[in-house]
Amino acid sequence: MNKYLKNLNRLEFVVTFACTGRCRHCSEGEHLGSGEHIDGDIAANAVRELCGGFEITSMMTFGGEPLLYPEAVCKIHAAARDMGIPKRQLITNGFFSKDNDKIRRVAKNLADSGVNAVLLSVDAFHQETIPLDTVKLFAEAVKAAGVWIRTNPAWLVSKEDDNPYNIKTREILSEFDKMGIERADGNIIFPSGNALKYLGEYFPDGAEQENPYEENPEDIRAVSVCPNGDVLGGNLYKSHILDIIENYSPFEPQKTL
């Protein structure tokens, strides 16, 4: 076993960088030209292979907006369910269609495929461009399908700070409180991408900040696969995931044929 991944217990799949929102806090920037999405069959096979060699306890799909490609999402989660991964999460902004029937159908398919936790990205930033009523319809459909759903807001500066964005976020969250949907802690916005471009006044000038979401390259606990198949210096579409893991080194780039 590769010593740098001996503690691996989590899988993450970035389904696509394409998004239905244009959020000023987004760490990925403007999402220009980002129509690429992950191959659901290849990703699902990677889940099965990794579960054969590691004790994977959680898996997450996200984006961009992953439900622009619900079939791929469902294939990945079905594989995770079949392999016994206990925590199977999806992060979504809840806006992928204006068709009410499709919204309800996708919610049911998520439940059938084994998604057991949905984190709904709603806050002042998402709701600048994403219609709240459509998101609420999706949330109701997910709840009716029996999947645990929580709001997962982005906070500016801190959860307690009373800047205008956080005040608006609390107002939006109250709409979901009335629906009986619990709140997750959410996350604190990291200064990169659009956040640094549009919200720079809220971050200390010249202060270098460590990204709390980055993995320790010498102790990888979560493997994250990009829409184009890139993972750990290799590529899922060119090599088997177990070969990529075996050849991984934080000090040397991988070579792909």
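**Sheet order, helix packing and local environments in the predicted model**

Thr134 touches Gly94, Phe95, Ser97 and Ile103, when residues up to four places away in sequence are not counted. The structure described here is a predicted model, and within this model Thr134 lies in helix 4. With a relative accessible area of 17%, Thr134 falls under the 20% limit and is therefore classed as buried.

Helix 4, which comprises residues 132-144, packs against helix 5, comprising residues 164-177, at an angle of about 35 degrees, and the two axes lie 11 Å apart. The crossing of helix 4 and helix 5 is right-handed. On the side of helix 4 the contact involves Leu132, Val135, Lys136 and Ala139, which meet Ile172, Glu175 and Phe176 of helix 5. By residue class, the contact of helix 4 with helix 5 is made up of five nonpolar and two charged residues, with no polar ones.

The strands considered next belong to an open sheet of seven strands, arranged in the order 7-5-4-3-2-1-9 with parallel pairing. Strand 7 (182-183) and strand 9 (222-225) form the edges of this sheet, each of them pairing on one side only. In general, the strands of a sheet pair through backbone hydrogen bonds, in either a parallel or an antiparallel sense. At one edge, strand 7 is joined to strand 5 (residues 148-151) over two bridges in the parallel sense, and Arg150 has Glu182 in strand 7 as its bridge partner. Further along the order, strand 3 (residues 87-92) and strand 4 run parallel and are joined by four bridges, with Gln89 standing opposite Ala117 of strand 4.

Side chains in a regular strand alternate between the two faces of the sheet. In strand 4 (residues 117-120), Ala117 and Leu119 point one way whereas Val118 and Leu120 point the other way, and all of these residues are buried.

Strand 2 (residues 58-63) includes Ser58, a residue that is buried, with a relative accessible area of 9%. The side chain of Ser58 is joined to that of Arg10 by a polar contact of 3.1 Å. Once neighbours within four places in sequence are left aside, the residues in contact with Ser58 are Asn9, Arg10, Leu11, Ile85 and Lys87.

Several residues outside the helices and strands were also examined. Asn152, located in the loop between strand 5 and strand 6, is buried, with a relative accessible area of 11%. Apart from neighbours within four places in sequence, Asn152 is in contact with Leu119, Leu120, Ser121 and Val122, and also with Ala184, Gly186 and Asn187; Leu119 and Leu120 in this list belong to the buried residues of strand 4. By contrast with these contacts, the C-alpha atom of Asn152 is separated by 22 Å from that of Lys98, a residue 54 places away along the chain.

Phe17 occupies the loop between strand 1 (10-16) and helix 1 (40-53) and is partly exposed, with a relative accessible area of 28%. Although 209 residues separate Phe17 from Cys226 in sequence, the C-alpha atoms of the two residues are 8.8 Å apart in space.

A positive phi is found at two residues that are not glycines. Val157, in the loop between strand 6 (154-155) and helix 5, has a phi of about 75 degrees, and at 40% relative accessibility this residue counts as partly exposed. Leu232, in the loop between strand 10 (230-231) and strand 11 (234-235), has a phi of about 50 degrees; with a relative accessible area of 18%, Leu232 is buried.

Met1 lies in the segment before strand 1 and has a relative accessible area of 66%, which is over the 50% limit, so that Met1 is classed as exposed. Leaving aside neighbours within four places in sequence, Met1 is in contact with Lys6, Gly53 and Phe54. The C-alpha atoms of Met1 and Ile245 are separated by 8.8 Å, although these residues are 244 residues apart along the chain.

Definitions and conventions: Residues are numbered from 1 along each chain as its sequence is written. This is a predicted model: local features need pLDDT of at least 70, side-chain atom pairs count only at pLDDT 80 or more; totals for chains, interfaces and linings use all residues. Side-chain values use heavy atoms; hydrogens and water are left out. Buried means under 20% relative accessible area, exposed over 50%, partly exposed in between (1.4 Å probe, protein chains only). A polar contact is a pair of N or O atoms within 3.5 Å; within protein, one must be able to donate a hydrogen and the other to accept it, and residues adjacent in sequence count only if both atoms are side-chain atoms. Contact means heavy atoms within 4.5 Å. Axes are lines fitted to C-alpha atoms, for helices over the stretch in contact, and angles run from 0 to 180 degrees between N-to-C directions. A crossing is left-handed if the near helix is turned anticlockwise from the far one by less than a right angle, and right-handed if clockwise. Ala, Val, Leu, Ile, Met, Phe, Trp, Tyr, Cys and Pro count as nonpolar, Asp, Glu, Lys and Arg as charged, and the others, Gly among them, as polar. Two strands pair if DSSP finds at least two bridges between them.
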